[in-house]
Amino acid sequence: MKASHVSVPAWVTIGVVPVVNIAMALFLSGLIILLIGENPIDAVQLIFIGAFGYDEAIGYTLYYTTNFIFTGLAVAIAFHAMLFNIGGEGQAYIGGLGIGLAILAFDHTLPFWLMLPIMLSAGALFGAAWAFIPAWAQAYRGSHIVITTIMFNFIASALMVYLLVNVLVEPGNMSPETREFLPSGHLPFMHEVFAWFGIAITKSPLNISIFWALICCVLLWFYIWRTRWGYALRTVGHSERAAVYAGIRPQRVIVITMCISGALAGFVGINELAGVQHRLLLNFTAGYGFTGIAVSLMGRNHPLGIVLASLLFGILYQGGAELAFEMPKISREMVVTIQGLVILFSGALAYMSEPWVARAYTFVALGLTQQRAGEA
Amino acid sequence: MAESYTFVLLTLDAALRVATPLVLCAMAGLLSERSGIIDISLEGKLLAGAFVAGTVAAVTGSAWLALLTAMVATALLSLLHGFACITHRGNQVVSGLAINIMVSGLTVVLGIAWFARGGQTPSLQAAARFMPIEFPLAETLRAVPVLGPIYTEVLSGHNLLVYVALAAVPFVYWVVYKTRFGLRLRAVGENPQAVDTAGISVTGLRYRGVLMCGLLCGIAGAYLSIAQNASFVREMSAGQGYIALAAMIFGKWRPLPALGACLMFGLLDAIAIRLQGVEIEGFGEVPVQLIQALPYIMTVVLLAGFIGKAVAPKAIGIPYVKER
Amino acid sequence: MIASASQVSGSIAQGDPPPAIELRGIDKRFGEVHANRNVDLRVAAGTIHGIVGENGAGKSTLMSILYGFYEADAGEIRINGRPLQIRSANDALQAGIGMVHQHFMLVDTFSVLENVMLGAESGAVLSRSKTLARRELERLEQDYGLRVDPDAVVEELPVGEQQRAEILKSLYRGAEILILDEPTGVLTPQESDQLFEILRSLKERGVTILLITHKLREIMDLTDFVSVMRQGEIVAHRRTSETDQKELAELMVGRSIEQHDVNRSHTPGEAVLAVKNVSMRDAKGVTRVDDVSFEVRAGEIVGIAGVAGNGQTELLELLSGIRPLDSGSFHANGRQVTPQNPCSPKDMRRLHVNHVPEDRHRLGLVMPFLASESSILGYQDRGRINKGLALDYPLIIKDCAEMMRVFDVRPVDPMLRSSNFSGGNQQKIVLAREMDKEPTLLLVGQPTRGVDVGAIEFIHGQLLSMRDRGCAILLVSVELDEILALSDRILVMFEGRIVGDVAGAGADKKQLGLLMANASPDAAESEAVS
């Protein structure tokens, strides 16, 4: 009997293959830990204890998760239009600049409830602006968005150094940081929110921006799958010619999509600056923009998958820090390595395991039918 | 006058040092991209090469062995890229990015695990490094007006790998434009179907392209950790792989213009360092960051078609599927 | 072995050289499609042998087998009497077979010299190869009169010279058998004449030439022998001097000229579409639609017949607003469209001009979309299906299910992916979407390509009832039978121009075949008179 007689159902390719891919990435990560001379199973245990073992840890885990949701969504919406936005890092950085400037400008005069929409708009606007130029260049000038967004990450970085060192730095401060924001520019921490209701939890950086991240998930899902603009976006992503036939202007869709993507990345600043740091400083994006690519690939560009993948990376980041503390031979950068492996296996080698899984499925399915035939 | 002349020469000298890894990586990227495979993993390979060279030199004390292992390591990374992009037709950008991120993490993880110095490798003795080579009569000829200082300050006194980088340019030029392999490599990046119908293996050519790319990146990495510096430091590639990519694009995927772009970018960097904190009359302090960002800004402007047009190889980024 | 060979090649006298190419019993299937059925072909050395046939007759598949792109399921290939396995282009080149593809296999940024050398260099370093190649090119130029500047960059050359470079590439590799696939499709008449000169001189030098074309005039002008293919089979071999265009056209389209007792429309109304002197060039500057004028009136079907690639696709895309026109104008439902006053696909839909595109895979449907999503493609902005910010999916799904029932789409499942429907059902989804809006003008391209017989009948019925309800329909098809079955009036397109305009009732298939193949005017006229 030939293998081709069994057709592989969709749940295998959609459900099993991604899991196999991530398993391969994690397996290799385990091998690296073995190579270092530590026990991978102990390491996994430590990571989970570090991420969930006590309520402060959970706070940290969710605080990281918030950043990854923003950058993951940013990458995902661009992917739906077949655009590869590597510029999340720079867009987050410049978005943060917008947020910082807005707070510095108004925190003396405005109350928090007015500051909040201003902060959000400033972050979105600055992030979108930083994505607009590469998008425009791709849509109307034919330059490659991948290269342009990479370049824009570096330009953002240079710009921020210049501004913080020469312009925005607080006089008398030795490190390139702005003055601290006034309380009207602070987002409430989660432990504060819980305290309002009389529940005491340990202090952690987790703040209410996680709610905004979850709202963004819902909004993005609605936009992509429920509105005519999302319909246009997906059409452009699948077939530009079909889009033209349907009266959609692909150039416009590219620019709009990238601006939304940049705006989402810009919200990292809400969590990091208004939520935790309470000042504008260098390198607060810390590679979250790149992690967003792993998150999006792993979450299959769907908000629900992105939340789950963000949580996984939140666990890895927080648990990884604990792990580095408990096992000094393993450093925090192990998480970055795992991230690279995830991108490799669920991105670049996404189709490698498909025939294997299909063969395995066929083998099992055939075995079952033959067994049944034997019993009959 | 003499002082400013020396200043210019020292800047050029510094530019050459900065440009060396850029030149090697740009030539590497050129070989890969001319075959139709986008390589944004120059950065990761540069870093990996630096780490492996620094590690092997520290352990064995042999600069040559370090160079060799660095080249092997980066070649393996290139083959991984090829495996994903050529064999499995994966997304070339995703694959390159994966390599960059993986290497960025792994070099630190292994560095800390093996040497416990916060990601740095032990400092190297002179014997384990490529040391500056003084040209014959360098000191004697310094006295010769105008040309003498050029010979002594700019040309002489670099380590071997600087000269290797400079030699790599004519070599790559020769390979790409003057050999059978080069002809086929350029063809496969433009029209793989034409190559296939001419009875040549598209896969084989592309693998050879990325392999050569990997080897050159290894030399560049070794330069960073065992020639220019005396140890590996975490994230020591610091975006130079991306600048090399920009230089290659700026040079329109051609060796000599790419060399020019590398030298220009190197010069910008050298000037930026020298101008730090310097007031220029009527202008004020030059923002160093602007000069550092110039390579990226210029590349964006070039790609948008405002200064000439950078036309990439036509088949770049597209996996080859034999037409059915 | 020798005995059996001579037995089969019975007609060739003893002592004659074996045929340059001999195909025996070649058979090839692509899934359901039987592309080549038991094909036998014998091409004598040093002759020009033509193969004619309609679109999809299996000519290109046969040549691809000969050139090693596909492997035949059954059958044997003999080159100069020797049986050969041709599994790759390399094997074909080894056997002395060169191919000039319809889309040239040239590296645009290379010089002619570099293109010619590619894959046939004489050493690892180029300089020696270049000298040798240059010398060889000079020799080829002298021998065959094939003049191309070896240092010219291919993309800067006119198409005719690019083709010469492609021929040179084969000759440089020592090809003694040259296959040309629709070589004049991209050439101007002058360039075609030059090509024929070259081919004749190649023949004089002993090169065997296999010419694939659908243009009968070329066959008559150039070939010594001709084989006719129809539906995957070779239906006739002729010595060119012993046949004529009439006979070949008849053989190509099949003898069975059934009576089409279609209820023709007798009362067409006002002109809904009036096209005046419309021309259009493609990105490369080649004129695809050339000074076309015609009208379509309410309640009539105007069919455009022609071999694929003669400008019909472009004409439809132009009228539906996808492509801009370069000159001329057209009037659709009261809107004047000119190069200065262009219209978008959206505008055209608003004018009740709907378009069923030829390419349902890339234009008509978005394959990964659910059927319900594909069922609003082009109409996603309509107020009816938008409720506030959101698309009204329950309504869309209901509408889609309704359309599927009316158009007999199986399965009636709006939540199934578009790619999971069979070709016929996919086409019905597109037709349903466009017809459901009750357009006043419907542009239809290839409505039944890749569609099973049952669905064809259904689709034809829908188009006719649409017409009877007063819709003006412009139908493009390369299937002559389809044109004949549906059209009230038939236009024939050839190389972007309209070369024939006949009434649908009583239209003669042979005559249309001659027009489509651009047979000499006399042949077509005499046919029209008779």
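How far apart do the C-alpha centres of domain 2 of chain C and domain 3 of chain C lie? In this predicted model, the C-alpha centres of these two domains of chain C lie 26 Å apart. The domain assignment of chain C gives domain 1 as residues 20-243, domain 2 as the two segments 258-352 and 439-530, and domain 3 as residues 362-437. Where domain 2 of chain C meets domain 3 of chain C, 13 residues of domain 2 are in contact with 10 residues of domain 3. On the domain 2 side of this contact, helix 11 (345-350) and helix 16 (453-468) of chain C each supply at least two residues, and helix 16 of chain C gives the most, with five residues. By class, the residues on that side of domain 2 of chain C divide into nine nonpolar, two polar and two charged.

Chain A is likewise described by its domains, with domain 1 made up of residues 10-38 and 330-355 and domain 2 covering residues 57-328. The C-alpha centres of domain 1 of chain A and domain 2 of chain A are 25 Å apart, and the contact takes 14 residues from domain 1 of chain A and 13 residues from domain 2 of chain A. Helix 1 (10-36) and helix 15 (334-348) of chain A each contribute at least two residues to the side of domain 1 that touches domain 2, with helix 15 of chain A giving the most, eight residues. That side of domain 1 of chain A comprises eight nonpolar, four polar and two charged residues.

A packed pair of helices can also be described in chain A, where the axes of helix 3 (residues 55-80) and helix 11 (residues 250-266) come within 7 Å and cross at roughly 170°. Since angles over 145 degrees count as roughly antiparallel, helix 3 of chain A and helix 11 of chain A are therefore roughly antiparallel to each other. Helix 3 of chain A makes this contact through Phe70(A), Thr71(A), Leu73(A), Ala74(A), Ile77(A) and Ala78(A), while helix 11 of chain A contributes Thr257(A), Met258(A), Ile260(A), Ser261(A), Leu264(A) and Ala265(A). The contact between these two helices of chain A has nine nonpolar, three polar and no charged residues.

Chain B contains 13 helices and four strands. Its radius of gyration is 20 Å, close to the 20 Å that the globule rule gives for 324 residues, so chain B is as compact as a globular protein of that length. Along its principal axes the C-alpha trace of chain B spans about 70 × 50 × 40 Å, and 54% of the 324 residues of chain B count as buried. Among contacts in chain B between residues at least 6 apart in sequence, 76% join residues at least 24 apart.

Chain B touches both chain A and chain C. The contact with chain A takes 35 residues from chain B and 40 residues from chain A. Helix 4 (92-115), helix 11 (240-250) and helix 13 (288-303) of chain B each supply at least two residues of the side facing chain A, and the largest share, 14 residues, comes from helix 4 of chain B. This side of chain B divides into 24 nonpolar, 11 polar and no charged residues.

In the contact with chain C, 15 residues of chain B meet 21 residues of chain C. Helix 8 (180-190) and helix 9 (192-197) of chain B each provide at least two residues of the side that touches chain C, with helix 8 of chain B giving the most, five residues. The residues of that side of chain B divide into five nonpolar, five polar and five charged.

Methods:
Residues are numbered from 1 along each chain as its sequence is written. Chains are lettered from A and ligands numbered from 1 in the order in which they are written. This is a predicted model: local features need pLDDT of at least 70, side-chain atom pairs count only at pLDDT 80 or more; totals for chains, interfaces and linings use all residues. Domain bounds come from an automatic or database domain assignment. Two residues are in contact if their C-beta atoms, placed from the backbone, lie within 7 Å. Ala, Val, Leu, Ile, Met, Phe, Trp, Tyr, Cys and Pro count as nonpolar, Asp, Glu, Lys and Arg as charged, and the others, Gly among them, as polar. The radius of gyration is taken over C-alpha atoms; the globule rule is 2.2 Å times the number of residues to the power 0.38. A residue is buried if 20 or more other C-beta atoms lie within 10 Å of its own, exposed if 12 or fewer, and partly exposed in between; C-beta atoms are placed from the backbone. Axes are lines fitted to C-alpha atoms, for helices over the stretch in contact, and angles run from 0 to 180 degrees between N-to-C directions. Angles under 35 degrees count as roughly parallel, over 145 as roughly antiparallel, 65 to 115 as roughly perpendicular and the rest as oblique.
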